[in-house]
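The following paragraphs lead the reader through a structure, beginning with its cysteines and ending with its charged pairs. Please keep the sequence and the model in view while reading.

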Amino acid sequence: AAWVLLFEEDPGRLEQILYGPANGPEDFFGIGFKAYERMGDLQGSGLLQSEACLRAACRILARKARQHNVKYLELRCSPANYTSGDLNAEAVAGIIADQLDRQNGLAFSLLFIASRHGSLRRIEEHIDLARRLLSEGGGRFSCLKGFDLAGNEKIRKTARLRRAFLPMMEKCMHLTIHAGEGEAVDSVWEAVYHLSAERIGHGLTLRDNPTLMERFKDRGIALEMCPSSNAQIVGFYDRFFSSSSRLKPYPLKAYLEAGLRVTVNTDNPGISRTDWTGELHRAAGMTSNGLTLWEMLLLIRNGFKASFADRNVRQKLLRKAESEIIEIIRKGLPS
């Protein structure tokens, strides 16, 4: 409670905790999922327990998005985790949606997250919340576009959650599932064939099943790759850090070359101390010969194409982004 009061009185302290400096990157390789996740509980759910803190966090996020020229933002949240104070889950979702809606010029969608490491009751609580809000029709929660299953894959196998997720499937909800981050490729298969995932968070082990990779291409299933957290949790080679020299290569470039719809994402920017631009730089650093400008542009374009925004919004955003890119290239060419 004292922390919440402090951050309500001094939002700058909230930003420092959410995005401030951490230990050097070379001290943060391959620490494992449990160590990474514990920091998230403190830095995220531990703070966001009042309306003032929720609104401040949304304002900070929107300001940083504008600084990095973000045209469309998908914000993932777990409203039922922010109810230790006087708020209920629906009120939390309403505050987040309202505050983001006030940020002029920033298109956004909300995704709810259920965590495998939580109780089945908490998972079902988030699913029921999403179901109720979607039942309101085109009201204030029309921004709710997707549902995410995250957390440690060892805790609860995806296949066991199919029955719980049926209400989301019945609502034709967009689904993204964290899989293949620390577990074998079977976890990715389960996410696609048991929960009909349209996107896979991480998918680091997908390359172990070439047939499944082909199915990803056929169905346009996207990979949400997060270079910083992937290096921090699992550990991958990064040519800018000598301590990583013996680590295995990051599969992002191989996935791109295979024709998969790869996107680059921040995962948890507070824990990883990163941002949108930083993740693109990190992706290049974790590729032995770097990434070309065209590969960077492809990653950005894939992000628009894989988004859960309504089709007309997605197409409009993509066309606008492509026009801006063409203009930048045109101005850069010699006369």
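In this predicted model, the sulfur of C77 lies 8.2 Å from the closest cysteine sulfur, that of C58, which is too far for a bond. A disulfide requires two cysteine sulfur atoms within 2.5 Å, and the structure holds 0 disulfides. C58 is accordingly in no disulfide, C77 having the nearest cysteine sulfur. Both cysteines are nevertheless shielded: C77 is buried, with a relative accessible area of 3%, and C58 counts as buried at 4% relative accessibility.

C58 is one of the buried residues of helix α4, which include L54, A57, I60, L61 and A65. The buried residues of this helix also include the charged residues R55 and K64. Helix α4 comprises the 17 residues 51–67. At 1.5 Å a residue the helix should span 24 Å, and its end C-alpha atoms are indeed 24 Å apart, so expectation and model agree. Just after α4, N69 adopts a positive phi of about 60°.

The discussion now turns to charged side chains. Side chains of opposite charge can pair when their charged atoms come close. The structure holds 23 salt bridges. One of them joins D148 to R76, with the closest N and O atoms 2.8 Å apart. Because D148 belongs to strand β3 (residues 144–150) and R76 to strand β1 (residues 72–77), this pair ties together parts that are 72 residues apart in sequence. The two partners differ in their surroundings: D148 is buried, with a relative accessible area of 1%, whereas R76 counts as partly exposed at 25%.

A further salt bridge connects E224 with R199, and here the closest N and O atoms are 2.6 Å apart. This pair, too, links distant parts of the chain, since E224 lies in strand β6 (residues 222–225) and R199 in strand β5 (residues 199–202), 25 residues apart. Both E224 and R199 are buried. How are these residues linked to D148 and R76? Together with E74, the four residues R76, D148, R199 and E224 are linked in a network of salt bridges.

A salt bridge within a single helix offers another case. E322 pairs with R319, the closest N and O atoms being 2.9 Å apart. The two residues are 3 apart in helix α15 (residues 311–332), and so are separated by about one helical turn. An α-helix has 3.6 residues a turn, so residues three or four places apart point the same way. E322 is partly exposed, at 22% relative accessibility, and R319 is partly exposed at 38%.

Key
Residues numbered from 1 in each chain as written. Predicted model: local features only at pLDDT ≥ 70, side-chain atom pairs only at ≥ 80, totals over all residues. Heavy atoms only, no water. Buried < 20%, exposed > 50% of the residue type's maximum accessible area, 1.4 Å probe, protein only. Helix = DSSP H or I, 4+ residues; strand = E, 2+ residues; numbered from the N terminus. Expected span 1.5 Å × (residues − 1). Salt bridge = Lys/Arg side-chain N within 4 Å of Asp/Glu carboxyl O.
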